[in-house]
Amino acid sequence: MKKIKIRGGKPLKGQIEISGMKNAALPILFATIITGDVCVIENLPPVGDIEVTLEILQAMGAKVMRHNPTVVEVDTRDIKQGSSPAGMVRRLRGSNYLIGAELARFGRAKVGTTGGCNFGARPIDLHIKGFSALGATVTDGDGFVSAHTGERLKGTKIVMDKISVGATANILIAATTAQGMTIIENAAHEPHIVDLASFLNSCGAHISGAGTSVIKVRGVEKLHGCQYTIIPDMIEAGTYMVAAAATHGELVLNNVISRHLDAVSAKMREMGIIVIDEGDRITVKTTGSFNSAKIQAVPYPGFATDMQPQITALLSLASGISTVTENVFKKRFQYVEELQRMGAAISVDNQGSTATVLGVRKLHGATVTALDLRAGAAMVIAGLAAEGETCVLDVETIERGYFDIVGKLRSVGADIELVEE
Ligand code: EPZ
């Protein structure tokens with residue numbers, strides 16, 4: 001059991017290096033399976049979910065060689081289809097990318113039910129619909145999703161019922177080796193979709209339009225290995241941007257792609273926080289109080305749902321009343337009770353979709369739990385800003401997606417420690 005202890009009230013000052021993006025690295029690592037070759041992945045964040053992903057690949061027969069903590073060589077030549085251990089697969093949502101990858105390489109797939117953060121039901125019907133449209137026969141039951149096709153999947157036009165990052169990525173992965181052209185309409189625009197497409201193109205795929213609503217994939221027979229560098233994690237960067245503001249500090253975040261953070265920067269500026277954007281680095285500072293805001297969490301390029309808990313923690317200290325509406329997941333305000341323990345004045349409507357946040361002058365330290373990854377980051381932010389000592393439990397949840405959060409925050413002046421019991 002690990003916990004984070006924070007004695008709050010210290011303004012953060014200094015520079016933080018942003019790691020590679022977990023949600024780009026996950027589909028890319030699983031997509032190495034298609035190549036049946038050697039891929040070298042750089043700027044990999046050494047976070048919990050990535051370690052589990054590498055363990056899954058190894059358990060399936062891949063050779064994984066670590067050049068250093070952020071560079072990994074993955075040789076998927078000897079991978080055995082359908083051999084992923086269900087227990088490990090259940091620990092991640094991202095492991096559903098195995099279905100697309102196994103289908104693209106072997107024409108068949110068998111993968112256990114996936115897990116991930118709990119925001120209510122997280123169906124995979126859109127993934128299954130996409131695979132079926134590509135000609136696969138898919139069954140979902142008894143804890144497994146199984147899919148098979150004849151020789152190869154067949155390219156077709158797929159109009160997504162709803163914007164889904166996971167389904168867009170999974171269909172993209174599967175379609176790389178399909179016969180003919182696949183067109184994905186109403187696709188997710190997220191930078192990690194663009195990164196996945198760039199990786200696949202580096203392996204010989206023909207994908208265009210990633211980052212727009214219409215992605216075209218001209219199927220090829222085979223992919224090959226490549227060397228690829230993962231993009232910086234915009235959510236990690238956004239989290240530290242918010243932490244800088246919450247502590248009235250000044251942080252410079254290095255190794256970012258600042259346009260990925262436009263929605264966060266725009267909201268923070270609207271709140272009266274100074275955000276200086278220099279392309280690959282962002283400076284955030286605030287001198288005094290900041291204003292309330294209205295936030296709508298929506299798919300990219302709008303304000304990311306993965307920044308919703310962190311901005312809510314910040315708004316709990318703003319002057320005035322804010323509203324935060326979650327439009328992506330049904331149950332993403334479960335952490336509000338934890339912030340209330342620290343003195344935040346937040347109420348959530350009966351549908352669980354909008355939080356009204358009445359800014360308070362101060363939060364106070366308390367023992368709180370990281371109920372999910374980003375909620376955990378929000379607890380750390382609240383703890384850094386609060387008076388007194390905060391203890392955040394279930395730190396492993398935070399470590400699934402943040403590399404060395406304690407070390408990074410300590411290096412910019414936070415009074416924070418990781419306690420292992
Ligand atoms: C990805 O989850 C991320 N996870 C999440 O990040 C992120 O919150 C989410 O995208 C939205 O940006 C990974 O990349 C591993 P979706 P995903 O499919 O793919 C519904 C984090 O903190 N839906 O875009 O699961 C779904 O219920 C994590 O790093 C269906 O109805 O999200 C949701 O309402 C948490 N059927 C909406 O679509 C489906 O088949 C968007 O989900 C698929 C999704």
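**A ligand between two domains**

In this predicted model, an oxygen atom of the ligand lies 2.8 Å from a polar atom in the backbone of Leu126. Side chains take part as well: a polar side-chain atom of Ser164 is 2.6 Å from an oxygen atom of the ligand, and an N or O atom in the side chain of Lys162 is 3.3 Å from an oxygen atom of the ligand. Taken alone, the ligand would expose 820 Å², and the protein buries 92% of that area.

We can now look at the surroundings as a whole. The ligand sits in the largest pocket, and the elements that each give two or more residues to the shell around the ligand are α1 (22-35), α5 (125-133), α6 (165-175) and α12 (373-385). In total, 23 residues surround the ligand, and the closest of them are Asp125, Ser164, Asp306, Val328 and Arg374. Sorted by chemical character, the residues of this shell comprise 10 nonpolar, five polar and eight charged ones. Because domain 1 (2-19 + 232-420) and domain 2 (22-229) both give residues to the shell, the ligand lies between these two domains.

Two details of the backbone also deserve attention, and a general rule helps in reading them. Most residues other than glycine have a negative phi, and most peptide bonds are trans. Against that background, the peptide bond that joins Tyr300 and Pro301 is cis, with an omega of about 15°, and Pro301 is found in the loop between β17 (294-297) and α10 (308-315). The other detail concerns Asn43, a residue other than glycine whose phi is positive, near 60°; Asn43 belongs to the loop between β3 (38-42) and α2 (48-59).

Note on methods:
Residues are numbered from 1 along each chain as its sequence is written. This is a predicted model: local features need pLDDT of at least 70, side-chain atom pairs count only at pLDDT 80 or more; totals for chains, interfaces and linings use all residues. Side-chain values use heavy atoms; hydrogens and water are left out. A residue is near a molecule or strand if one of its heavy atoms lies within 4 Å of it. A polar contact is a pair of N or O atoms within 3.5 Å; within protein, one must be able to donate a hydrogen and the other to accept it, and residues adjacent in sequence count only if both atoms are side-chain atoms. Accessible areas come from the Shrake-Rupley method with a 1.4 Å probe; for residues, only the protein chains shown count as cover. On a 1 Å grid over the protein atoms alone, a cavity is a set of points where a 1.4 Å probe fits but cannot get out, and a pocket is an open set with protein on both sides within 12 Å along at least five of seven lines; lining residues have an atom within 4 Å of a point. A molecule sits in a cavity or pocket if more than half of its atoms lie within 2 Å of its grid points. Helices (H or I, at least four residues) and strands (E, at least two) are DSSP runs, numbered from the N terminus. Ala, Val, Leu, Ile, Met, Phe, Trp, Tyr, Cys and Pro count as nonpolar, Asp, Glu, Lys and Arg as charged, and the others, Gly among them, as polar. Domain bounds come from an automatic or database domain assignment.
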